Amino acid sequence: MAATTQLDLNTCAAQDFAAQDANLNEAYASAKDILQGIDADLDPADQGAAKALLEAQRAWITYRDAGCMAEAYLYEGGSIQPMIYSACRARVTAARAQDLWKLSE
């Protein structure tokens, strides 16, 4: 069924974000496994790859959400605002997942 109302469009955008977020979580887990393997081969004093990834991911989530909120504020009060926010988060999340998958190669 094609989306015909703004509510439908908002729902589709939210579902797209959820799918991209699931992909991101898989990519993150894969990258984390790789970096934990690197850490395991290092002297404890030199370990930190997995911790660096965690810190980067936490900072990235804050960046993504704030940036997308700023984008959505262009439509403050409008029924399209939730769609803009979800679409932004889906787009930015897809790009981050791609970066994490490359890290896992």
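How many aromatic pairs does the count come to? Zero: select the rings of Phe, Tyr and Trp, and no two centres qualify under the 6.5 Å rule. Keep in mind throughout that this is a predicted model.

**Stop 1: a ring with a charge over it**

Select Phe 17 and Arg 89. Arg 89 lies over the face of Phe 17, at 3.9 Å from the ring centre.

**Stop 2: H1 against H2**

Two packed helices are described by the angle between their axes and the distance between the axes. Select residues 6–40 for helix H1 and residues 49–72 for helix H2. The two pack at an angle of about 160°, and their axes are 8 Å apart. Angles over 145 degrees count as roughly antiparallel, so H1 is roughly antiparallel to H2.

Now show the side chains of this contact. On the H1 side, pick Phe 17, Asp 21, Leu 24, Tyr 28, Ala 31, Lys 32, Leu 35, Gln 36 and Asp 39. They meet Ala 49, Ala 50, Leu 53, Leu 54, Gln 57, Trp 60 and Arg 64 in H2. Colour by class: the contact of H1 with H2 has ten nonpolar, two polar and four charged residues.

**Stop 3: H2 against H3**

Keep H2 and add helix H3, residues 81–104. The angle here is about 155°, with the axes 8 Å apart. H2 and H3 are therefore roughly antiparallel to each other. Their crossing is right-handed.

From H2, select Leu 53, Ala 56, Gln 57, Trp 60, Arg 64, Asp 65, Cys 68, Met 69, Glu 71 and Ala 72. From H3, add Gln 81, Ile 84, Tyr 85, Cys 88, Arg 89, Arg 91, Val 92, Thr 93, Arg 96, Leu 100 and Leu 103. By class, the contact of H2 with H3 splits into twelve nonpolar, three polar and six charged residues.

**Stop 4: H1 against H3**

Hide H2 and show H1 with H3. What angle do their axes cross at, and how far apart do they come? The axes cross at roughly 20° and come within 8 Å. That makes H1 roughly parallel to H3. H1 passes H3 in a left-handed crossing. Colour this contact by class as well: 19 residues are nonpolar, eight are polar and five are charged.

Notes
Residues numbered from 1 in each chain as written. Predicted model: local features only at pLDDT ≥ 70, side-chain atom pairs only at ≥ 80, totals over all residues. Heavy atoms only, no water. Phe/Tyr/Trp six-rings, centres within 6.5 Å; stacked < 30°, edge-to-face > 60°. Lys NZ or Arg CZ within 6 Å of the ring centre and 35° of its normal. Axes fitted to C-alpha atoms, helices over the stretch in contact; angles between N-to-C directions. Helix = DSSP H or I, 4+ residues; strand = E, 2+ residues; numbered from the N terminus. Parallel < 35°, antiparallel > 145°, perpendicular 65-115°, else oblique. Contact = heavy atoms within 4.5 Å. Nonpolar A, V, L, I, M, F, W, Y, C, P; charged D, E, K, R; others polar. Left-handed = near helix turned anticlockwise from the far one by under 90°.
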